[in-house]
Amino acid sequence: MWRMPTPHLDFKFALLAVITMIVSSRFAVKVPRVNTNVTVSDTFIFLALLVYGGFAGIFLAAAEGLFSGIRISKTTLTVAFNSAMMAVSTLLTVLVVEFFFGPIGALRFLDWQHFIPAVGAMALAQYFINT
């Protein structure tokens with residue numbers, strides 16, 4: 001059975017989580033020539049994945065999905081679906097990246113020839129899984 005190690009969450013992670021949930025979902029960057037937006041929360045979730053590992057990134061994605069769902073809808077089902085969708089898509093991204101590149105928390109220690117393709121694969125996996 002596959003098991004994700006629990007990270008050491010500290011004050012810096014709590015600060016990252018608070019910033020992600022309060023500020024970042026309100027700001028989005030339009031991608032040119034493509035009908036999509038990238039929110040700042042996606043960047044913070046990637047940062048949590050790289051620094052704290054998969055468990056922390058999935059937890060942060062679920063919490064951000066919950067907070068953004070509460071902001072855009074009052075329906076309990078919609079809020080729960082938004083949070084679950086963020087958590088599952090981040091989990092699948094972690095699984096894809098770990099399958100091809102190894103533990104996601106260890107990516108930041110790789111040299112740039114391996115780090116850049118891994119982060120690119122992470123971004124593409126997240127994009128296609130969310131689409």
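Let's start with helix 5, residues 112-130. It has 19 residues and runs 27 Å from first C-alpha to last, close to the 27 Å expected at 1.5 Å a residue. Keep in mind that this is a predicted model.

Now, which residues of helix 5 are buried? A118, M122, A125 and Q126. They sit on the same side of the helix, because they cover an arc of only 95° around its axis. The general rule helps here. An α-helix has 3.6 residues a turn, so residues three or four places apart point the same way. On the other side of helix 5, W112, I116, L124 and F128 are exposed.

What covers the buried residues? The cover includes helix 2 and helix 4.

Take helix 2 first, residues 40-52. Its 13 residues should span 18 Å at 1.5 Å a residue, and the end C-alpha atoms are indeed 18 Å apart. Its buried residues are S41, D42, I45, F46, A48, L49, L50 and Y52. Just after helix 2 comes G53, with a positive phi of about 100°.

Next, helix 4, residues 76-101. Here we turn to the surface. V88, L92, L95, V96, F99, F100, F101 and I129 form a nonpolar patch there. Together they have about 710 Å² of accessible area. Where does the largest share of that patch come from? From helix 4, with seven residues.

One patch member to look at is V96, in helix 4. Is V96 buried or partly exposed? Its relative accessible area is 32%, so V96 counts as partly exposed. That value also passes the patch cut-off, because patch residues need over 30%.

How values were computed: Residues numbered from 1 in each chain as written. Predicted model: local features only at pLDDT ≥ 70, side-chain atom pairs only at ≥ 80, totals over all residues. Heavy atoms only, no water. Patch = residues over 30% accessible without salt bridge, like charges linked within 9 Å, V, L, I, M, F, W, Y side chains within 5 Å. Areas by Shrake-Rupley, 256 points an atom, 1.4 Å probe, with all protein chains shown as cover. Salt bridge = Lys/Arg side-chain N within 4 Å of Asp/Glu carboxyl O. Helix = DSSP H or I, 4+ residues; strand = E, 2+ residues; numbered from the N terminus. Buried < 20%, exposed > 50% of the residue type's maximum accessible area, 1.4 Å probe, protein only. Expected span 1.5 Å × (residues − 1). Arc of directions from axis to C-beta. Contact = heavy atoms within 4.5 Å.
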